[in-house]
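Grab a pencil and keep the viewer open. Here are a few exercises, each with a worked solution.

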Amino acid sequence: MKSGKNGNNPMAEKSALKDMVIVKNLVKYYPVFGGVFRREVDQVQAVDDVSFIIKEGETLGLVGESGCGKTTVGHTMLKLREPTSGSVVFDNKDIFQLNDDELKETRRKMQIVFQDPYASLDPRLPIGESIAEGLKIHNIGNKIERVDVVLKALKNVGLEDYHAHRYPHEFSGGQRQRIGIARALALDPKFIVLDEPVSALDVSIQAQVLNILKDLQNEFGLTYLFVAHNLAVVEHISDRVAVMYLGKIVELASRDSLFEKPLHPYTVALMSAVPLPDPTKKRERIILEGDVPSPLNPPFGCRFHPRCPYAENICGREEPELREIEPGHTIACHFGEKFT
């Protein structure tokens, strides 16, 4: 995280920055087809009414169990998947309202690093050509200038010039993820979605990639949405953290506030599973009963109430709003004040 100038609080400086991305009431449903005529019979509610703001130069961590919709949020924000409804405002433009030419131009400033770097690279192309593809698509520079941009991008992620001539299968997983980051950097973006960029890497390599991301953010003033399920990784890199459960955000707070004092029962249960670095200390593990409900048929009211140890009748009838319980700390719970 960036250091504050003249001894100022870096989080206070970030709060004074302008809003880079504004996500409002984002919804993404997937149709389910069935029957002889393959008609739509149901919908998977992958993302249901998600709203948040990412400020310029900050990292928002988006965490939750597998299948909670966090990756869908990242992809839909960039319109890699068509939204069902809602809006995503970037640079004062609603991404979902842009025509094809406007969207193409905007995507120069909004990039993504995918979870599987090998699947996102063309195995038939040297990685230098893969990185240069975006430059060609956007008609940036001539051939010589593109080579310079590619080599600079490789250098920024700790790779050498000669790596540009090698193919994806000649690299380790950590190196391939660096290549994915270099490809995103080549277009000089302002905002990058990091879709579980270190989940498939060894712990030592994870630390290297995370440090590269933080250094690049400091150097180029980048803004990140960091999608992950590993809370320890999120704590290391994020300024604020949003916790998702079954397509909805249930808690949103600064990193320090969330990890020191999680308020939502689901977040508390998640935190209890994070191992402590001190072997002499033990944390009381909270085991949630039951399975995660299906997004095809989510529960009425609070979606977490079938597994919540504090649930009451109202939880099954009314959906709680995401509201501020403490300054900068919001949760979606009818009894939020009880946990402060």
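Before we start, one definition: two strands count as paired if DSSP finds at least two bridges between them. Also keep in mind that this is a predicted model.

**Exercise 1. Find the bridge partner of Glu251 in strand 12, and place that pairing in its sheet.**

Step 1. Look at strand 12, residues 329-332. The bridge partner of Glu251 there is Ile331.

Step 2. Check the pairing: strand 10 (residues 248-254) and strand 12 are joined by two bridges, which meets the cut-off of at least two. The two strands run antiparallel.

Step 3. Zoom out. The sheet is open, has eight strands with mixed pairing, and reads 6-7-8-3-9-10-12-11. Its edge strands are strand 6 and strand 11, each pairing on one side only. On average, neighbouring strands here are turned by 20° against each other, ignoring direction.

Step 4. Add a helix: helix 6 packs on this sheet, where it touches strand 6 and strand 7, and its direction makes about 175° with that of strand 6. Helix 7 (residues 203-220) lies across strand 3, strand 7 and strand 8, running at about 160° to strand 8.

**Exercise 2. Work out whether Thr330 and Glu324 are buried or exposed.**

Step 1. Thr330 has 15% relative accessibility, so this residue counts as buried; the cut-off is under 20%.

Step 2. Glu324, in strand 11 (residues 322-326), has 52% relative accessibility and therefore counts as exposed. Here the cut-off is over 50%.

Step 3. Now compare contacts, skipping neighbours within four places in sequence. Thr330 touches Val250, Glu251, Leu252, Leu322, Arg323, Glu324 and Ile325. Glu324 is in contact with His329 and Thr330.

**Exercise 3. Describe strand 6 at the other edge of that sheet.**

Step 1. Sort the side chains of strand 6 (residues 110-113): Met110 and Ile112 point one way, Gln111 and Val113 the other way, and all are buried.

Step 2. Find the partner. Four bridges join strand 6 to strand 7 (residues 191-195), and the two run parallel. Ile112 has Val193 as its bridge partner in strand 7.

**Exercise 4. How do helix 4 and helix 6 pack?**

Step 1. Get the geometry: the axes of helix 4 (residues 127-137) and helix 6 (residues 173-185) are 8 Å apart, at an angle of about 30°. The two helices are therefore roughly parallel, since angles under 35 degrees count that way.

Step 2. Take the handedness: the crossing is right-handed.

Step 3. List who meets whom. From helix 4 come Ile127, Ser130 and Ile131; from helix 6, Ile179, Ala182 and Arg183. That contact splits into four nonpolar residues, one polar and one charged.

**Exercise 5. Lay out the four-stranded sheet and the helix on it.**

Step 1. Write the order: 2-1-4-5, an open sheet with antiparallel pairing. Strand 2 (39-55) and strand 5 (93-94) are at the edges with a single partner strand each, so one side of each has no neighbour in the sheet.

Step 2. Count bridges: 13 of them join strand 1 (residues 19-34) to strand 2. Among the partners, Val21 pairs with Ile54 in strand 2.

Step 3. Place helix 2 (residues 70-77). This helix packs on the sheet, touching strand 1, strand 2 and strand 4, with its direction at about 110° to that of strand 1.

Step 4. Check burial: seven of the eight residues of helix 2 are buried, including Val73, His75 and Met77. Just after helix 2, Lys79 takes a positive phi of about 60°.

Key. Residues are numbered from 1 along each chain as its sequence is written. This is a predicted model: local features need pLDDT of at least 70, side-chain atom pairs count only at pLDDT 80 or more; totals for chains, interfaces and linings use all residues. Side-chain values use heavy atoms; hydrogens and water are left out. Axes are lines fitted to C-alpha atoms, for helices over the stretch in contact, and angles run from 0 to 180 degrees between N-to-C directions. Angles under 35 degrees count as roughly parallel, over 145 as roughly antiparallel, 65 to 115 as roughly perpendicular and the rest as oblique. A crossing is left-handed if the near helix is turned anticlockwise from the far one by less than a right angle, and right-handed if clockwise. Contact means heavy atoms within 4.5 Å. Ala, Val, Leu, Ile, Met, Phe, Trp, Tyr, Cys and Pro count as nonpolar, Asp, Glu, Lys and Arg as charged, and the others, Gly among them, as polar. Buried means under 20% relative accessible area, exposed over 50%, partly exposed in between (1.4 Å probe, protein chains only).
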